[in-house]
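Me: Hey, can you walk me through this structure? I'd like to start with the basics.

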Amino acid sequence: MTARGISVHGPRGPVFENVDADVPPGGLLVVHGPAGSGRTSALLALSGRMRLRTGVLRVGRHRAPGAGSGRVRRSVAVARADGAVAAEGRLRVRELVAERCWLDRDVTRRGVVEAARLLGLHLRGAALAEDLPPLEALLLDVALALAARPPVLAVDAVDRDCPDADRARAWRALAAVTATGCTVLATAAQPPSPPPPGTVLLALPHRADPDAPASAPADGGTA
């Protein structure tokens with residue numbers, strides 16, 4: 001994945017501007033910065049799901065904006081993104097798995113179980129999603145997206161509400177994903193310390209108006 005000079009603007013001005021990134025296949029990109037810095041918007045933009053004000057995004061052979069925008073979006077599975085992609089908290093884990101298998105023909109229950117095993121997650125089928133501890137909820141979101149075997153996976157707020165030990169486990173789980181050859185795009189308030197070998201760090205500055213809404217989603221919806 002390559003980004004050159006990408007910017008997203010909202011009704012109140014820039015969300016972020018002139019971002020460059022180069023992430024090799026099987027690499028890990030960590031977009032980090034304080035609240036209001038545009039981390040989630042950057043993740044969605046890098047996933048082809050936000051309209052760019054400037055710049056070019058390439059995922060494999062596909063380019064956005066342009067005729068390849070749809071293929072860019074389909075190449076990137078978004079596990080979660082605040083305000084755009086989230087699991088239904090009132091469903092049980094087994095219901096979320098069944099729902100994902102029904103919505104995506106590339107996903108099977110066995111695929112979800114295998115993805116969970118890779119992440120070190122034990123699936124508790126009877127548990128409500130909203131009752132899961134933060135780390136378990138994160139890993140479930142990743143497992144559901146990873147089961148489709150996407151070339152690129154995006155996950156927002158990796159370190160949210162997690163103590164140090166759980167943050168370290170979350171980054172190890174994402175490193176296990178990249179070891180399969182899947183490229184991972186992640187956001188966090190703080191980057192992993194130390195970052196896994198080959199990690200690409202992208203720091204975003206604080207936006208002047210943290211309450212400014214993000215830009216409109218790209219054609220085709222938010223996810």
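Reply: Sure, one term to begin with: buried means under 20% relative accessible area, exposed means over 50%, and partly exposed is in between (1.4 Å probe, protein chains only). Helices (H or I, at least four residues) and strands (E, at least two) are DSSP runs, numbered from the N terminus. This is a predicted model, where local features need pLDDT of at least 70 and side-chain atom pairs count only at pLDDT 80 or more, while totals for chains, interfaces and linings use all residues. Residues are numbered from 1 along each chain as its sequence is written, and side-chain values use heavy atoms, with hydrogens and water left out.

Me: Ok, which residues of H6 are buried?

Reply: They are Ala170, Trp171, Ala173, Leu174, Val177 and Thr178. Looking down the axis of H6, the buried residues fall within an arc of 155°, so they line one face of the helix. That arc is taken from the directions from the helix axis to the C-beta atoms.

Me: And which residues are exposed on the other side of H6?

Reply: Asp164, Ala165, Arg172 and Ala179 are exposed there.

Me: What do the buried residues of H6 pack against?

Reply: They pack against S3, H4, H5, S7 and S8. Contact here means heavy atoms within 4.5 Å. H6 also lies across S3, S7 and S8, running at about 160° to S8. For angles like that, axes are lines fitted to C-alpha atoms, for helices over the stretch in contact, and the angles run from 0 to 180 degrees between N-to-C directions.

Me: How many residues does H6 have, and what comes just after?

Reply: H6 has 16 residues and reaches 23 Å from its first C-alpha to its last, close to the 22 Å expected at 1.5 Å a residue. The expected span is 1.5 Å times one less than the number of residues. Just after H6, glycine 181 takes a positive phi of about 100°.

Me: Switching to H5. How many of its residues are buried?

Reply: In H5, 12 of the 13 residues are buried, so the helix is largely enclosed by the rest of the structure. Among the buried ones are Leu135, Glu136, Asp141 and Val142. The cover over them includes S6, H3, H4, S7 and H6.

Me: What about the span of H5?

Reply: At 1.5 Å a residue, H5 should span 18 Å, and its end C-alpha atoms are 18 Å apart, which agrees.

Me: Now the sheets. What's the strand order in the one with parallel pairing?

Reply: That's an open sheet of 5 strands, in the order S6-S7-S8-S3-S9. Its edge strands are S6 and S9 (200-203), and each pairs on one side only. The twist averages 20° from one strand to the next. Two strands pair if DSSP finds at least two bridges between them.

Me: How many bridges do S6 and S7 have?

Reply: They pair in the parallel sense over 4 bridges. Arginine 80 stands opposite valine 155 in S7.

Me: Which helix besides H6 lies across strands there?

Reply: Helix H1 (residues 39-46) lies across S3, S6, S7 and S8, running at about 165° to S8.

Me: And the antiparallel sheet, what order is that in?

Reply: It's an open sheet of 4 strands, ordered S2-S1-S4-S5. The edge strands are S2 (13-22) and S5 (62-64), each pairing on one side only. Neighbouring strands of this sheet are turned by 25° against each other on average, direction ignored.

Me: What joins S1 to S2?

Reply: A hairpin does, through 2 residues. S1 (residues 2-10) and S2 pair in the antiparallel sense over 6 bridges, and the bridge partner of valine 8 in S2 is phenylalanine 16.

Me: And how many bridges join S4 to S5?

Reply: There are 3 bridges between S4 (residues 54-59) and S5, which run antiparallel. Arginine 58 has arginine 63 in S5 as its bridge partner.

Me: Last topic: how many residues are in the largest nonpolar core?

Reply: It has 40 residues, and those with the most contacts inside it include Val142, Leu153 and Trp171. A nonpolar core is a set of buried Ala, Val, Leu, Ile, Met, Phe, Trp, Tyr and Cys residues joined through side-chain atoms within 4.5 Å. The largest share, 10 residues, comes from H5. Apart from this core lies another of 31 residues, among them Ala3, Phe16, Val19 and Val59.
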